[in-house]
Amino acid sequence: MAKKNETAIRPTRAENYPEWYQQVIRASDMAELSPVRGCMVIKPWGYALWENMVRALDDMFKATGVKNAYFPLFIPISFLEKEAGHVEGFAKECAVVTHHKLEKDKDNRLVPAGKLNEPLIVRPTSETIIGDAFARWIKSYRDLPMLINQWANVVRWEMRTRIFLRTSEFLWQEGHTVHATKKEAIDRTYMMLDVYKKMAEEYLAIPVITGEKTAAEKFPGAEITTCIEAMMQDRKALQAGTSHFLGQNFAKASEIRFQSAMETEEYCWTTSWGVSTRLIGGIIMTHSDDNGIILPPRVASAHVVLLPILKKNETNETVMEYTRSVAEALRKKTYHHGPVRVEIDDRNIGGARNWEWIKKGVPLRVEIGPKDMDADSVYVSRRDRDRKDSFAIQKDSFAEHICDLLDEIQDGLYQKALAFLKENTRNIDDLDEFNKFFTPESSGKPEIHGGFAISHWCGSADCELAIKERLNVTIRCIPFDREKEDGQCIHCGSHSEGRVVFAKSY
RNA sequence: CGGGACGUGGCUCAGUCUGGAAGAGCACAGCGUUCGGGACGCUGGGGUCGCAGGUUCAAAUCCUGCCGUCCCGACCA
């Protein structure tokens, strides 16, 4: 009966949010830090989640005509040099390969040898190397549009890393498209942002705000950067995905040209767009509670875990048989285009087993013992409800309704996150109120505070910078759905045509 | 890269000030009793005390340097 902790995760969110985040990941067994600075090992439970996300995204990309390809990890430095904004943005955080072998020195230690003529960088993103390929592939308007995506790892040598949210190496997809007209490229930019919005809201149950980045926050080399922004439980913003209209900047840098129907030679218009393993950090910080992560069913590593109650007697084998028959029945059910994912955990380790699955965030836990077997039922607990709020249900009925149950959990997670977003988003027109909104009451150990302030902004980069320097608050985006409204800039008081989203961010 | 905190079995930490046999709880393994329970008992495995130098008869402990982690900045998906 000894209840050691009231919560499975310590500290709680309220006590120490960043530490809580680390502990949730440890307790969920999704990933761990590696011996390599800033890099992570994604463990099977975390990778299964990523695979489900990849599958869903990949299907959506392909439905819009995108095809997958793969480009090199190494990029000649000269390629990066081709686009000025790009150099500015990425040069400071590139891993550089300068040698191609190791030799033993006099102390028998391995040291780099065989210096490369031209150093290579490990891709921080692939616009330039893919641009080089596009320049060779594209001759005529008949080759367009070219719609390519790659699933890859990239490296950005970050100053400060946080597992899943910002690691030196991370997994992502980068889409790169080439178009004959500006309009078509812009349309594609927005189309892919819509895919991301759909992914976030319908699959991850994370409500997002869509909008355009300011000049200061744009992708290096882009004309327009669009984004989805989500609110985490500490009320900070997380940029969960971006889609860029690159104009002709990269086309000119990489000489991506085509011959038009009118026989003129023209530069192409390109886009790029990406989401990464950062989304997993977003899931954690959107849905977890003080007992650990809660996985949204549509992408959950498993939907349901079966926990046979084994005693030291002759019923064990029949309980196991019954459990396997439940698993079989569940696996025959189709949940959003795939079979229901079932785990069986028959370890006899007491109540710790149940808690492990709570911390892993599996949507449904099902206990199966002799009593259930006799009643032809199972005993179900939902991860989104209190753990004592469990119920018995007929085995057949459970199999029949499991998909509805999963959808109900999925929808509940989304509605809860949406309510939180709304609760902590508000129009602010008064500078004092704005300052107060973004200033913690305790400076030594800042409590969770702030949120999204929807305020007027005159459009000046100076005002944007001043706010950032003073409060560490940035413009997350200029929302697409903002209304035209005359107002006064929250910082300088001069005329503004509409509101933007201010927040602290990851 | 600046400021702060911290590195002791897998995890959380005590021991460091004041140098003198590496510890606890949890986790793990075995056996037993329990068990629709984050159970209990007994037994057991596991640590060159972040790394490298130095001081000393003696270093987890003192000194120097380095590495790593976390927090706050600057930078960013």
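A residue counts as partly exposed when its relative accessible area falls between the bounds for buried, under 20%, and exposed, over 50%. On this scale R426, at 39% relative accessibility, is partly exposed. The model examined here is a predicted one, and the account below follows its salt bridges and then turns to one of its pockets.

Side chains of opposite charge can pair when their charged atoms come close. The structure holds 25 salt bridges, and a few of them are worth a closer look. R426 is the partner of E433, with a distance of 3.5 Å from N to O. E433 is likewise partly exposed, its relative accessible area being 31%.

A salt bridge between R13 and D290 joins their side chains at 2.9 Å, N to O. R13 belongs to the segment before α1 (17-28), whereas D290 sits in the loop between α8 (278-287) and β15 (304-308), so this pair ties together parts that are 277 residues apart in sequence. The two partners fall into separate accessibility classes: R13 has 21% relative accessibility and counts as partly exposed, while D290, with a relative accessible area of 17%, is buried. With the limit for buried set at under 20%, D290 qualifies at 17% and R13, at 21%, does not.

The bridge between R136 and D132 has a local setting. The closest N and O atoms of this pair are 3.0 Å apart, and both residues lie in helix α5 (residues 127-137), four residues apart, or about one turn of the helix. R136 is exposed, with a relative accessible area of 52%, whereas D132, at 24%, is partly exposed. Beyond such pairs, a network of salt bridges links R382, D384, R385, D389 and E408.

One member of that network, D384, also appears in the second largest pocket. This pocket encloses about 470 Å³ of space. It is lined by 27 residues, of which H287, D289, I294, D384 and K416 are the closest to its centre. Two elements, α8 and α12 (395-423), each give two or more residues to the lining, and α12 supplies the largest share, six residues. By residue class, the lining divides into 11 charged, 10 nonpolar and six polar residues. Where does the second largest pocket lie with respect to domain 1 and domain 2? Both domain 1 (17-73 + 124-287) and domain 2 (304-421) give residues to its lining, so the pocket lies between them.

Key:
Residues are numbered from 1 along each chain as its sequence is written. Chains are lettered from A and ligands numbered from 1 in the order in which they are written. This is a predicted model: local features need pLDDT of at least 70, side-chain atom pairs count only at pLDDT 80 or more; totals for chains, interfaces and linings use all residues. Side-chain values use heavy atoms; hydrogens and water are left out. A salt bridge is a side-chain nitrogen of Lys or Arg within 4 Å of a carboxyl oxygen of Asp or Glu. Buried means under 20% relative accessible area, exposed over 50%, partly exposed in between (1.4 Å probe, protein chains only). On a 1 Å grid over the protein atoms alone, a cavity is a set of points where a 1.4 Å probe fits but cannot get out, and a pocket is an open set with protein on both sides within 12 Å along at least five of seven lines; lining residues have an atom within 4 Å of a point. Grid points are joined across faces, edges and corners, and a volume is the space filled by probe spheres set on the points. Ala, Val, Leu, Ile, Met, Phe, Trp, Tyr, Cys and Pro count as nonpolar, Asp, Glu, Lys and Arg as charged, and the others, Gly among them, as polar. Domain bounds come from an automatic or database domain assignment.
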